[in-house]
Amino acid sequence: RKEESSHSYTCHRVVQVWAVTSTRPTASAPAGGWVAKIVPVPPSDSAAAKKKKRRKTEAEKIADAVFWEYQLYSNHLRGHTAVPQVPPAGAYGEASGFRYLVMERLGQNLLEAFEGNGNHFPLCTVADFGKQILECLRQVHEAGLLYLDVKPQNFMLGSQGSGLEDKGYVVDFGVADNFISAKGEHREPG
């Protein structure tokens, strides 16, 4: 149980993401509820931190990616229909050695949907998903971001019972990058 501001959540383990049930539901909660992406915060090595240049460990990169993803969802992508919502408060934080990001719970990813349909989609479904994927990427691009992790697992459908089961979303912005500088100029990613 995590208490944050006036929000209270209960978490249940689901694969690599935790389903989050609000103990105080709000009108702003999405139909499918919330999930939390949770990663351990690596212990800080004070001797290594004193070195001017060192490579981050894989655990540090993953923990940093969750923070970056939160920044993108809450600042650059808020209100875009092709990405999951984040709650207005308590969407990101650290507790008990873990870093978490709370976001809208979605349904299957495209690979799961494809495999669940006998590894076949009708042509009209392929065309519809293709159009939605392009719209997702357009919205991300218009926000000045270059999405670098295009794969079926990062395109998801709305949650069951939400009425949005056929709507496409793009997720996992941990390796997305700005291609527009603060001055509004094009810059090379990386």
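## The largest cavity

In this predicted model, the largest cavity is lined by Leu110, Phe129, Gln132, Ile133, Cys136, Phe155, Met156, Leu157, Gly168 and Tyr169. Two or more of these lining residues come from each of helix H4 (123-142), strand E8 (155-157) and strand E9 (168-170). H4 gives the most, with 4 residues.

The lining has 8 nonpolar and 2 polar residues, and no charged residues. The space inside the largest cavity comes to about 50 Å³. A search of the whole structure for cavities of 30 Å³ or more finds 1.

## Helix H4

H4 has 20 residues. From its first C-alpha to its last, the helix reaches 28 Å, close to the 28 Å expected at 1.5 Å a residue.

The buried residues of H4 are Phe129, Gln132, Cys136, Gln139 and Val140. Seen down the helix axis, these buried residues fall within an arc of 100°, so they line one face of H4. Phe129, Gln132 and Cys136 also appear in the lining of the largest cavity. The face turned away from the buried side carries the exposed residues Leu123, Cys124, Lys131, Leu134 and Glu142.

## The E5-E6 hairpin

Strand E5 (residues 92-95) and strand E6 (residues 98-104) pair in the antiparallel sense, over 4 bridges. In this pairing, Tyr92 stands opposite Leu101 in E6. The hairpin has 2 residues between the strands, and Ser96 takes a positive phi near 50°.

Is Leu101, a residue of strand E6, buried or exposed? Leu101 counts as buried because its relative accessibility is 0%, and the cut-off for buried is under 20%. Leu101 also has a contact partner distant in sequence to consider: Lys37 is 64 residues away along the chain, yet the two C-alpha atoms are 5.1 Å apart in space.

## Loop residues with positive phi

Two loop residues other than glycine have positive phi values. Asn119, with phi near 55°, lies in the loop between helix H3 (110-116) and H4. At 49% relative accessibility, Asn119 counts as partly exposed, because exposed means over 50%.

Asp172 has a phi near 70°, again positive in a residue other than glycine. Its place is the loop between E9 and strand E10 (177-178). Asp172 is partly exposed, with a relative accessible area of 25%. The strand before this loop, E9, is among the elements that give two or more residues to the lining of the largest cavity.

## The protein overall

The protein has 4 helices and 10 strands. From the N terminus on, the elements run β-β-β-β-α-α-β-β-α-α-β-β-β-β. The protein has 190 residues, and buried residues make up 36% of them.

Key:
Residues are numbered from 1 along each chain as its sequence is written. This is a predicted model: local features need pLDDT of at least 70, side-chain atom pairs count only at pLDDT 80 or more; totals for chains, interfaces and linings use all residues. Side-chain values use heavy atoms; hydrogens and water are left out. On a 1 Å grid over the protein atoms alone, a cavity is a set of points where a 1.4 Å probe fits but cannot get out, and a pocket is an open set with protein on both sides within 12 Å along at least five of seven lines; lining residues have an atom within 4 Å of a point. Grid points are joined across faces, edges and corners, and a volume is the space filled by probe spheres set on the points. Ala, Val, Leu, Ile, Met, Phe, Trp, Tyr, Cys and Pro count as nonpolar, Asp, Glu, Lys and Arg as charged, and the others, Gly among them, as polar. Two strands pair if DSSP finds at least two bridges between them. The expected span of a helix is 1.5 Å times one less than its number of residues. Buried means under 20% relative accessible area, exposed over 50%, partly exposed in between (1.4 Å probe, protein chains only). The arc is that of the directions from the helix axis to the C-beta atoms.
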